[in-house]
Structures are given as structure tokens and as C-alpha cells.
Amino acid sequence: TQPPPVTQQQQQQQQQFRWSTGINVSAESIANDIQEGSDNDSDDNNNNSEGEEWWKSFQLKDAKLAETVRKDFPILTSTKHFEDDDTENETNDKRKELIYFDSAATSQKPTSVITKLSTYYNTINSNVHRGAHTLSQRATAEYEASRDSVAQFINANSRNEIVFTSGATEALNLVAASYGRVHLKHGDEVLISELEHHSNIVPWQMVCEEVGATLKYIPIDTESQCWDLGENDNDNDSGDFTKLNELITPNTKVVSLQHVSNVLACIHPIEQIVAAVRKRASADCIIVLDACQSIPHMPVDVQKLGVDFIAASGHKMCAPTGIGFLWGKEKLLNSMHPYMGGGEMIDEVTMDASTYAPAPARFEAGTPQIAQAIGLGAAIEYLETVAGGMERICKYEQELGEYLMRRMSEVEGVTVLGPELGVDRAAIVAFVCDGVHPSDLSTFLDMEGVAIRAGHHCCQPMHRALGYSHSARASLYFYNTKEEVDSFIDILKETLEFLGGAGGGGGVDDDFVPFI
């Protein structure tokens, strides 16, 4: 069967994606390429003219990418070890090859990043900025070089626009607290969406409750499973969406949205949203972007996007945990109050009052995450050394993601969430299974060496809107392969057959504590 027809809104999203990233390839064309592998399929069994299933002969256009980089991630070639009850009998040992499909939660780390961390601790471990000795100066140079790497990676105007944080959660909370508490007042409006991660919902709920502002949200379209923006009146990039226009008013002071959904994989038309906000919202309205699921996977140019702040986490882009960054326009950052008080962030302190350092130091109180920040710089260096860079990574992930989605759509009893095949989307496939609870499925897949995520993925409102409490999620990165997808599908089918025959674990379990 051919991929389903692409709607007008989906065509607009595809056009916006290609324009914003500079990648002239559409999911529709990728889906058609995948479809070519089964053009001669019979309607009954999806076999080709020689009786072979279509996917067995299908080849990714750039399979060499994953083959080349996998050697840099030793954990990917490791095995998951299980022991039978007789631990003394080595013949009973069972080893399963790891299939890591959980990169939306955290990516694996290349050897170069791990080595960089070890080198820091073994050779230049010291506090930064205030030491006159050699170790401190070398550590400071490495730390600040990472800031330069981040600024260049996202095309910031200045290194002073990069604030290191513990992750995207802190970055979003920083903006909500330092900007929101000062600039928002009773009667003002904050606009988010129903698809947001909790980190982009809860901080704004807290601030709005504190200052008396109104929190509004873009609902989910349960049919397309993306934002329900309404129709584009002018069929262009002006952002004239009927329903969006109703949500944005002269009282809109903050718009805070995700770039890519961490569950539904939607790639949102941010430039069109920005155009609508600049046209209809308050003149001093700020636009905040959660870029956790975009910066690791595609080219992101902050100047081209036209937003005011971007939050990102390092651990999703091959860097260590405990590091992320906030990008913000320098003038805005310097107009904000500090997020925390202490060392490093001050200019002058007296017993009567204090003045503050300019950004980024203003928001980096205390001893920073030195090793983690240096590791982030090493991760960016690694991503940039991949031949073809982020554009190649993006194209490969799009094709691999489409292939996974096509294979998943053929598994009986599985419902894939998010946009349909043929629409530009990230390499994330969230799904639910008839009669099987996601936590049960994840546990049994783990026994076969497959790592996926189960739970609400910090998106309870989104799941609730779609009528689910939880879902399972397989998420890919540029080091995953077609062979892993094929193995995953085989294991998934076997596991569902087993759990279905055993009665499964279906139904809604409100007391279940999800693996989020």
C-alpha cells in the first residue's frame, strides 16, 4: 500500500522544516523510497515477486554512517548478561546483544568524550576563573573554549549568550523565574502547548499562579497528532493559522514551546509561530524554545529561528549528564535578575547591596559543572567531525526513523503515535500495544537486550489528550542500524505474542509508577 496522503498542514510543516534546516529532503520522498522496496508486494503478504519480504532487500542510502561511528561507542557492542539459577555453571550464561533504542532519554557517549573527562581529572583538575596558577588557567581555558564551541554550533551572535546550566530543565526554570517573575503581572498571558515536556509546563504554572498571569495552551489535534493550529489562511510562512491567531493576543507576554516532540516526534513550524507571535502578541513578548530533541539531531541556527531563548541538554547530544545550556539574546540576559546568588555572579558586594556581573557569569553562581562543560565541548567537536556534519546525521535519522515506523506499522496489535508515514518527523516512535502494558513490554524486551522507554515520558497532558496513560517509546540516533531495527521488530513480535498469550498487562493502571 502507498503511504497515506499528506494534508495541507503537513505539507506546510515539511516546507518549514526544509527551510529552517536547509535540508532539501522530505519525509514523503523518504517514505516513497522505502515503499519502492515493496512496489511489487502482493496485497496479501507484502512479499516481492520472488516471495521475499520487502524489508529483507531494502537498504538505507547511508548505512555506512552508523557502521563508521559505532566503533566510537564501546557500549553499543557490549552484551547484556543474564545468569541462570546455577551461577557456577558457565554454560548456563546467556548473553544478549544490546539494542539501545532510548537516545531520546539520553544518548550514549563516544570514547573521545569519556577520554576528555578522564584527561581533565587526571591532568588539569582545578576550579576556574579566579586562580592564578597554571592548573586553574588551563581548566578555565578548556571551560571557556566549550562555551565558544556551543556558540558556534548553534550560530549564536556572541559567546556571552551561552549560559551553562545543569540541563534544559534548569534552563527553562531560569527563564521562568528570572524573566517571568519580574516581567509578568496580573492579566498577562503565557502560551505553551499540550505536547510540552513537564519542564516546559510546570515552571510556567508556578510563575503564573504567583503573579496572577493566565496560562494558555495550543491543543493537540488528535487526528494529525500535532499542534492544532487551524488552517493557514494565506498558505504561506506568515503564521496566519486560524486557531493560533485566537490564542495570541496583545496580552501575550511569553510563548514557550518545544521544537520537536519527545513523544510524538512532530517537528513544529517554529518560524511560522514566530511570525504570528511578532505580528499579534505584545511588543515585548519573548519566545522560548525547548530544543532538547532538535539540537542533537539536526542543524539549528538560532538567528534563523528568530526566538529569544533556547534550552538544550548536553546528555542527549553525546555529552555527559549534568550539563546543558541556555542561549538567550545578550540584551535580554543582561536585563534579567540572577537566578541564584553566590560567588562568580557578582560585580560588587557590600553589606548594604550587591551588583551583578553581566551574562553569562550572572547566571553561573558558584563552582560550575567544569568537567561536564568540557565534555559538552568534546561532544560538539565529535559531532562536527562526522563527515557531512549535522545535515548528514539528520538525513540518516530521518530515513532510519521512517523505516522503523514502516516496520512498526506492520506489527499486529501495535498503534504508533504521532504523524503518519510520509510526514517529516524525528526518529522517535512511541506506541501502545493491545492488551499489553508498556512497563511489562519494556521489562520483557530488556530481558532480550532491548532498551526502550516506558511511561508517560514527562508528558502526562499529551497522553491524557490522546486517551492513554502511558506509552512505550523507541528512539534512535545516528549510531543505530537497520539490522538493529529488524532485530527489534522480531523480538517485539515474539514478546507481544508471549504477553498476549499470558493475558498481558493491559488496561489503565493509575497507580503504576512509570519508568520516565
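Which residue of strand 12 is the bridge partner of S313? Keep that one in mind; the first legend has the reply. One thing to know before looking: this is a predicted model.

**Figure 1. Strand 11 and strand 12 side by side.** The partner of S313 turns out to be G324, which belongs to strand 12. This is part of a longer pairing: strand 11 and strand 12 are joined by five bridges in the antiparallel sense. The loop linking strand 11 (309-313) with strand 12 (324-328) holds C318. Take a look at its backbone, as C318 has a positive phi of about 80° even though it isn't a glycine. Is C318 buried or exposed? Its relative accessibility is 0%, so C318 counts as buried.

**Figure 2. Strand 12, covered on both faces.** Here's a handy rule for reading this view: side chains of a regular strand alternate between the two faces of the sheet. On one side of strand 12 you'll find G324, L326 and G328, while F325 and W327 sit on the other, and all of these are buried. That makes five buried residues out of five, so strand 12 is largely enclosed by the rest of the structure. Strand 12 also pairs with strand 4, this time through four bridges, and the two run antiparallel. To find your way along that pairing, look for V163, which stands opposite L326 of strand 12.

**Figure 3. The seven-stranded sheet.** Zoom out a little and strand 12 becomes part of an open sheet of seven strands. Reading across, the order is 4-12-11-10-9-5-6, and the pairing is mixed. Which strands stand at the edges? They are strand 4 (162-165) and strand 6 (214-218); each has a single partner strand, so one side of each is left without a neighbour in the sheet. On average, neighbouring strands here are turned by 20° against each other, if you ignore direction. For a parallel pair, try strand 9 (residues 252-258) and strand 10 (residues 286-290), which are joined by five bridges. Within that pair, S256 stands opposite V288 of strand 10. Helix 6 (residues 134-153) packs on this sheet, where it touches strand 4 and strand 12. The direction of helix 6 makes about 115° with that of strand 4.

**Figure 4. The four-stranded sheet.** There's another open sheet to explore, built from four strands in the order 15-16-19-18 with antiparallel pairing. Its edges are strand 15 (414-416) and strand 18, each with a single partner strand, so one side of each has no neighbour in the sheet. Neighbouring strands in this sheet are turned by 30° against each other on average, direction ignored. Strand 16 (residues 428-433) and strand 19 (residues 471-475) run antiparallel and share four bridges. One spot to pick out is I428, whose bridge partner in strand 19 is S475.

**Figure 5. Helix 14 lying across the strands.** Helix 14 lies across strand 15, strand 16 and strand 19, and runs at about 15° to strand 16. How many residues does helix 14 have? It has 21, spanning residues 389-409. From first C-alpha to last, helix 14 reaches 30 Å, close to the 30 Å expected at 1.5 Å a residue. Of those 21 residues, 17 are buried, so helix 14 is largely enclosed by the rest of the structure.

**Figure 6. Helix 5 packed against helix 13.** To describe two packed helices, you give the angle between their axes and the distance between the axes. For helix 5 (residues 111-124) and helix 13 (residues 370-385), the angle is about 145° and the axes are 9 Å apart. Their crossing is right-handed. Helix 5 brings S112, V113, K116, L117, Y120 and Y121 to the contact, and helix 13 brings I370, A371, Q372, I374, G375, A378, A379 and Y382. Sorted by type, the contact residues of this pair are ten nonpolar, three polar and one charged.

**Figure 7. Two backbone details in loops.** Start in the loop between strand 14 (354-356) and helix 13, where you'll find P360. The peptide bond from A359 to P360 is cis, with omega near 10°. Then move to C458, in the loop between strand 18 (453-455) and helix 16 (460-466). C458 has a positive phi of about 60°, although it is not a glycine. With 15% relative accessibility, C458 falls under the 20% cut-off, so C458 counts as buried.

Key:
Residues numbered from 1 in each chain as written. Predicted model: local features only at pLDDT ≥ 70, side-chain atom pairs only at ≥ 80, totals over all residues. Heavy atoms only, no water. Expected span 1.5 Å × (residues − 1). Buried < 20%, exposed > 50% of the residue type's maximum accessible area, 1.4 Å probe, protein only. Axes fitted to C-alpha atoms, helices over the stretch in contact; angles between N-to-C directions. Left-handed = near helix turned anticlockwise from the far one by under 90°. Contact = heavy atoms within 4.5 Å. Nonpolar A, V, L, I, M, F, W, Y, C, P; charged D, E, K, R; others polar. Pairing = 2+ DSSP bridges.
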